[in-house]
Amino acid sequence: MPKKKSAPRKLLSVGANAPFPFVEAYKSLRTNLEFLSATANYKTILFTSSVPEEGKSNVAVNLAMTLSAAGKQVVLVDADLRKGTLAYYMHLKKSHEGITNLLAGTADWQDVIVPVNQNLLFLPAGLLPPNPVEMLSRKKMGEIFDYLKNRADYVLVDTPPVSVVTDAAVLSRYVDGVILVTRPGITTIQGAQLSKRNLEAVNAHILGVVMNGYDVKHSSHKDGYYYSYSYDYSNQ
Ligand SMILES: Nc1ncnc2c1ncn2[C@@H]1O[C@H](COP(=O)(O)OP(=O)(O)OP(=O)(O)O)[C@@H](O)[C@H]1O
Ligand SMILES: [Mg+2]
């Protein structure tokens, strides 16, 4: 049987036409992160999940926009060197230079950083390499994070699923905390448990879980948006 073509990826953004509860859910997430940061200075946050399509990239973009709308200086980093979806979500060419070009020494900061608005900068993945884990393990990756940390209130890092590949676990050493994204209908209990174990095995600091697409009323969605996000913080 021919493989079913999957629907094109879509960014459900907190922009002007987003439903009120959707926008509010991101504001709540922002407030919770700000509380955490006030007590423990968490500024570099990594987003991962168990499997593809749980909404990591959507959550990272929308939280970056919501934080920047409140005047925070934010850098959004596409560290998913396997898909580089954020360039598509941010309406950039897939070929835009980014992390991999910095790591390879073929581009400088001014070539790669994209200003999205007054408070938000975007660092794309760059040319997708055949050896993402090896690239992410390079010493220079630490220097990239140090550079970004010194220039922002928050650095939000989008990564591939941690129960499928090791990229997020490798990157967790550079960040203050990890948020695990789950999505009803996609995330399984076993998948979430495996992700937690994989992150704990590298001493990652799991800040909490975002439940993306949690539909409180079961029928309260419009235009593909599900109205509610819920989250739960552990390990504070
Ligand atoms: N809350 C939601 N309601 C409806 N659709 C959603 C929601 N969150 C994400 N999606 C859809 O799911 C698809 C995958 O989203 P996204 O790219 O954010 O996932 P991902 O976890 O980053 O996937 P990958 O691991 O492949 O990078 C997109 O088309 C997006 O529009
Ligand atoms: Mg993604």
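These legends walk through several close-up views of a predicted model.

**View 1. The protein as a whole.**
Before zooming in, here is the overall count: nine helices and ten strands make up the secondary structure of the protein. The chain has 236 residues, and 42% of them are buried. Take the contacts between residues at least 6 apart in sequence: 76% of them join residues at least 24 apart.

**View 2. The shell around ligand 1.**
Let's start with the ligand. Ligand 1 has 20 residues around it, and the closest are P52, G55, S57, N58 and G213. Which elements each supply at least two residues of this shell? They are α2 (56–69) and β7 (206–214). The largest share comes from α2, with three residues. Sorted by class, the shell holds eight polar, seven charged and five nonpolar residues.

**View 3. Strand β6, wrapped up by the rest of the structure.**
Strand β6 covers residues 177–182, and six of its six residues are buried, so the strand is largely enclosed by the rest of the structure. In a regular strand, side chains alternate between the two faces of the sheet. You can follow that pattern here: G177, I179 and V181 point one way from β6, while V178, L180 and T182 point the other way. Both sets are buried.

**View 4. The partners of β6.**
Which strand pairs with β6 in the parallel sense over five bridges, and has residues 44–49? That is β1. To find a spot where the two meet, look for S49, whose bridge partner in β6 is V181. Strand β7 also pairs with β6 in the parallel sense, over five bridges. Here V178 is a handy marker, with I206 as its bridge partner in β7. Add helix α9 (residues 189–200) to the picture, and β6, α9 and β7 make a right-handed β-α-β unit.

**View 5. Strand β4 and its neighbours.**
Strand β4 (residues 120–123) is covered on both faces. On one side sit L120 and F122, on the other L121 and L123, and all are buried. Strand β2 (residues 74–78) runs parallel to β4, and four bridges join them. One place to spot this pairing is V77, which stands opposite L123 in β4. Now look at β3 (residues 114–117): does it pair with β4 in the parallel or antiparallel sense? The pairing is antiparallel, over three bridges. P115 has L121 in β4 as its bridge partner, and a hairpin joins β3 to β4 through two residues.

**View 6. The largest nonpolar core.**
How many residues are in the largest nonpolar core? It has 58. Those with the most contacts inside it are A64, V74, V75, L76, V77, L156 and V157. Helix α2 gives the most to this core, with seven residues. Zoom in on V157 and set aside its neighbours within four places in sequence: V157 is then in contact with T44, I45, L46, F47, V77, A79, L171 and V175.

**View 7. T66 in helix α2.**
T66 lies in helix α2. Is T66 buried or exposed? It counts as buried, because it has 21 C-beta neighbours inside 10 Å. Leaving out neighbours within four places in sequence, T66 is in contact with V14, Y26, K27 and R30. V23 is 43 residues away from T66 along the chain, yet their C-alpha atoms are separated by 8.3 Å.

**View 8. I144 in helix α7.**
I144 belongs to helix α7 (residues 139–149). I144 counts as buried because it has 20 C-beta neighbours inside 10 Å, and 20 or more is what being buried takes. Setting aside neighbours within four places in sequence, I144 is in contact with I99 and L102. The C-alpha atoms of I144 and W109 are separated by 9.6 Å, although these residues are 35 apart along the chain.

**View 9. Two loop residues with a positive phi.**
Most residues other than glycine have a negative phi. Two residues here go the other way. E53 is not a glycine, yet it has a positive phi of about 70°. You'll find E53 in the loop between β1 and α2, and it counts as partly exposed because it has 13 C-beta neighbours inside 10 Å. N203, also not a glycine, has a positive phi of about 60°. N203 sits in the loop between α9 and β7. With 9 C-beta neighbours inside 10 Å, N203 counts as exposed.

How values were computed
Residues are numbered from 1 along each chain as its sequence is written. Chains are lettered from A and ligands numbered from 1 in the order in which they are written. This is a predicted model: local features need pLDDT of at least 70, side-chain atom pairs count only at pLDDT 80 or more; totals for chains, interfaces and linings use all residues. A residue is near a molecule or strand if its C-beta atom, placed from the backbone, lies within 6 Å of it. Ala, Val, Leu, Ile, Met, Phe, Trp, Tyr, Cys and Pro count as nonpolar, Asp, Glu, Lys and Arg as charged, and the others, Gly among them, as polar. A residue is buried if 20 or more other C-beta atoms lie within 10 Å of its own, exposed if 12 or fewer, and partly exposed in between; C-beta atoms are placed from the backbone. Two strands pair if DSSP finds at least two bridges between them. A crossover is right-handed if, with the strands pointing away from the viewer, the path from the first strand over the helix to the second runs clockwise. A nonpolar core is a set of buried Ala, Val, Leu, Ile, Met, Phe, Trp, Tyr and Cys residues joined through C-beta atoms within 7 Å. Two residues are in contact if their C-beta atoms, placed from the backbone, lie within 7 Å.
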